[in-house]
Amino acid sequence: LSCLVAAVALAGCAGLVGSDSPSVVEGTVTPAPVPTNGDPLPPGVTESGVSVVGLTETHAVRLRATNYTYVSRQHVVGDDEVLRRTNRTRRVATGGRRYAGRFDRTIDDFPVRALPNAIEYWTNGSVHATQRFLDGEPAVYDWSRGVQPTEDVDDSGVLSRVLRAIDVSVLNRENGVTLAGTTVRTPGLLPNPPYMTTPQNVSLTASVTDDGVVTRWRLAYDTTVENRSVRVVRVTRITDIGRTTVGRPAWVDTAREWEQARFRSLDGG
């Protein structure tokens with residue numbers, strides 16, 4: 001169960017238009033008044049701003065009604081080098097209870113000590129399994145039943161915090177709307193680890209479909225880690241909507257065998 005808890009914690013945590021590469025240095029995006037073309041805006045979006053609850057709840061409801069793939073890439077860059085990479089990928093079935101994913105953390109020259117880590121996880125809503133690879137060691141497995149992990153499966157929780165932290169407005173109205181903002185209202189809501197200082201030079205863009213799904217958002221900011229200046233860039237995308245399948249990985253059987261062996265050893269057998 002400990003591995004499952006780790007996977008849940010890692011999967012749910014911490015430039016703009018035109019690039020999905022977190023390492024790209026973006027320019028400043030300044031929202032300007034956007035002409036009204038008569039078409040309705042997505043739920044929660046108005047010409048004057050955004051209702052965070054309206055937008056994120058619509059986003060979550062729309063995604064629960066279908067299947068999709070969630071991808072998030074975060075780079076911490078200093079001195080033109082990527083110091084730390086955090087990648088998350090999750091395939092989610094309709095309803096949001098059955099999903100499979102992977103978390104990867106790669107450390108290059110990061111000031112705060114952390115080990116490279118990779119976790120794969122799968123659940124069908126009642127059975128939960130993980131396999132974890134830590135710093136080149138053999139895989140460690142976990143298998144459990146009956147405890148639904150608390151996970152921000154569609155990332156709407158993090159998205160809500162970011163939108164409440166940054167004042168955004170409509171940048172353009174092509175293929176839905178693009179939101180953008182650079183003014184931080186509540187820095188403490190940003191997904192910034194405690195060992196980093198308060199974010200500066202923050203920028204956010206988000207692409208919203210006409211029916212209210214945030215298919216891409218990009219957050220970037222400057223901060224300091226152990227007196228070292230870095231740029232954090234996180235790009236999150238929702239892809240393959242209606243086309244994603246969630247299979248049962250072969251390693252789940254191994255995880256169950258591990259759990260059965262542990263139970264027998266505890267039972268004295």
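## Strand β11 and its hairpin with β12

In this predicted model, strand β11 spans residues 200-208 and pairs with β12 in the antiparallel sense, the two being joined over seven bridges. Within this pairing, T205 of the structure lies opposite R218 in β12.

The two strands β11 and β12 form a hairpin, and five residues lie between them. In the turn, G212 has a positive phi of about 100 degrees.

## Strand β12 and its hairpin with β13

Strand β12 covers residues 214-225 and is mostly covered, since nine of its twelve residues are buried. Besides its pairing with β11, β12 pairs with strand β13, residues 228-239, over ten bridges. This pairing, too, is in the antiparallel sense. One of the bridge partners can be named: W217 is matched by T236 in β13.

β12 and β13 also form a hairpin, here with two residues between the strands. The turn contains E226, whose phi is positive at about 50 degrees. As background to these strands, side chains in a regular strand alternate between the two faces of the sheet.

## Packing of helices α2 and α3

Two packed helices are described by the angle between their axes and the distance between the axes. For helix α2 (residues 52-64) and helix α3 (residues 156-165), the axes come within 10 Å and cross at roughly 160 degrees. An angle over 145 degrees counts as roughly antiparallel, and α2 and α3 are therefore roughly antiparallel to each other. The crossing in which α2 passes α3 is right-handed.

On the α2 side, the contact is made by V52, L55, T56, H59 and A60. Helix α3 contributes S156, L159, S160, L163 and R164. Sorted by class, the residues in the contact of α2 with α3 are five nonpolar, four polar and one charged. The spacing of residues in such a helix has a general basis: an α-helix has 3.6 residues a turn, so residues three or four places apart point the same way.

## Burial of α3 and the place of S160

Helix α3 is largely enclosed by the rest of the structure, because seven of its ten residues are buried. These buried residues are S156, V158, L159, S160, V162, L163 and A165.

S160 is located in helix α3. Its relative accessibility is 16%, so S160 counts as buried, the cut-off for this class being under 20%. Leaving aside residues up to four places away in sequence, S160 touches V52 and T56. Both V52 and T56 are among the α2 residues that make the contact with α3.

Key. Residues numbered from 1 in each chain as written. Predicted model: local features only at pLDDT ≥ 70, side-chain atom pairs only at ≥ 80, totals over all residues. Heavy atoms only, no water. Buried < 20%, exposed > 50% of the residue type's maximum accessible area, 1.4 Å probe, protein only. Helix = DSSP H or I, 4+ residues; strand = E, 2+ residues; numbered from the N terminus. Pairing = 2+ DSSP bridges. Axes fitted to C-alpha atoms, helices over the stretch in contact; angles between N-to-C directions. Parallel < 35°, antiparallel > 145°, perpendicular 65-115°, else oblique. Left-handed = near helix turned anticlockwise from the far one by under 90°. Contact = heavy atoms within 4.5 Å. Nonpolar A, V, L, I, M, F, W, Y, C, P; charged D, E, K, R; others polar.
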